[in-house]
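Biologist: Before I use any of these labels, I would like each one argued from its cut-off. Shall we go through them one at a time?

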Amino acid sequence: MKIKKVKIGIRTLEDGLKHFAKVAKIIEKGKTVKNERGVYFENLATMRKILTDRRIEVLKLIKDKKPSSVYELAKALHRDLKNVNEDLRLLEQSGLVSLKKSKTDRQRITPTVNYDTIQLEISV
C-alpha cells in the first residue's frame, strides 16, 4: 500500500508569487509541470493557529475510525459538537479535510482525510 502524503509548508506571499511565475514560464515553453499538492501558510504563527494539538487529534481520529458523521466524530472525541464543527470548518478551508454531504440524509456530513502522513516543509 502506497502511503499518501500531504505537504504543509511556510511560504510568504512573495515566495508564492515567485513560484507561480516560475510555473507560468515553464508552461509558456510548452513543458509539463509536476503536479504538487500542498497546503501553505504565510508564516509559522498562522500554521500553529490552524494545526493545534486538538485539530491534529481530529485528523487522526477521522483517518483511523472513519466516522460516518460529525456527530459521531464529536462523540468519539468526547467534545462539544459546536467546537468540532468549528475545527472541521477551519481544516476544510485549509484543505486538510473533506466534508461530504449525504445524498439521502440532508443533515449528515461525513468528514474524510485523504492522506496518511503530513510532511512539514519550512524554507530558510
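Biologist: How much accessible surface does the protein have, and what share of this surface belongs to carbon and sulfur atoms?

Modeller: The accessible surface comes to about 9,300 Å², and 53% of it belongs to carbon and sulfur atoms; such areas come from the Shrake-Rupley method with a 1.4 Å probe, and for residues only the protein chains shown count as cover. Please keep in mind that this is a predicted model, in which local features need pLDDT of at least 70 and side-chain atom pairs count only at pLDDT 80 or more, whereas totals for chains, interfaces and linings use all residues. Residues are numbered from 1 along each chain as its sequence is written, and side-chain values use heavy atoms, with hydrogens and water left out.

Biologist: What elements does the protein have, and in which order do they run?

Modeller: There are five helices and five strands, where helices (H or I, at least four residues) and strands (E, at least two) are DSSP runs numbered from the N terminus. Read from the N terminus on, the elements run β-α-β-α-α-α-α-β-β-β.

Biologist: Why is D87 called buried?

Modeller: The relative accessible area of D87 is 6%, and buried means under 20%, exposed over 50% and partly exposed in between (1.4 Å probe, protein chains only), so D87 falls in the buried class. R55 is buried as well, and of the 124 residues of the protein, 27% count as buried.

Biologist: What makes the pair of D87 and R55 a salt bridge?

Modeller: A salt bridge asks for a side-chain nitrogen of Lys or Arg within 4 Å of a carboxyl oxygen of Asp or Glu, and the side chains of D87 and R55 meet at 2.8 Å, N to O, which satisfies that rule. D87 lies in helix α5 (residues 81–93) and R55 in helix α3 (residues 53–65), so the bridge ties together parts that are 32 residues apart in sequence. R55, R79 and D87 are, moreover, linked in a network of salt bridges, and the count for the model comes to seven salt bridges.

Biologist: How do you know that D87 and R55 also make a polar contact?

Modeller: A polar contact is a pair of N or O atoms within 3.5 Å; within protein, one must be able to donate a hydrogen and the other to accept it, and residues adjacent in sequence count only if both atoms are side-chain atoms. The side chains of D87 and R55 make such a contact at 2.8 Å, a value within that limit.

Biologist: Why is K60 called exposed, and which class does D64 belong to?

Modeller: K60 has a relative accessible area of 53% and is therefore exposed, whereas D64, with 48%, is partly exposed. Their side chains meet in a salt bridge of 3.1 Å, N to O, and, being four residues apart in helix α3, D64 and K60 are separated by about one helical turn.

Biologist: What does the salt bridge between D116 and K63 tie together?

Modeller: The closest N and O atoms of D116 and K63 are 3.1 Å apart. D116 lies in the loop between β4 (109–112) and β5 (117–122) and K63 in helix α3, so this pair ties together parts that are 53 residues apart in sequence. D116 is partly exposed at 32% relative accessible area, and K63 is partly exposed at 25%.

Biologist: Which residues have the most contacts inside the largest nonpolar core?

Modeller: They are L59, L73, L88 and L96, in a core of 24 residues; a nonpolar core is a set of buried Ala, Val, Leu, Ile, Met, Phe, Trp, Tyr and Cys residues joined through side-chain atoms within 4.5 Å. β1 (5–10), β2 (38–41), α2, α3, α4 (70–77) and α5 each supply at least two residues of this core. Leaving aside residues up to four places away in sequence, L88 touches V58, I62, V70, L73, V97, L99 and P111, where contact means heavy atoms within 4.5 Å.

Biologist: Why is T112 called buried?

Modeller: T112, in strand β4, has a relative accessible area of 17% and is therefore buried. Not counting residues up to four places away in sequence, T112 touches I62, V97, S98 and K100.
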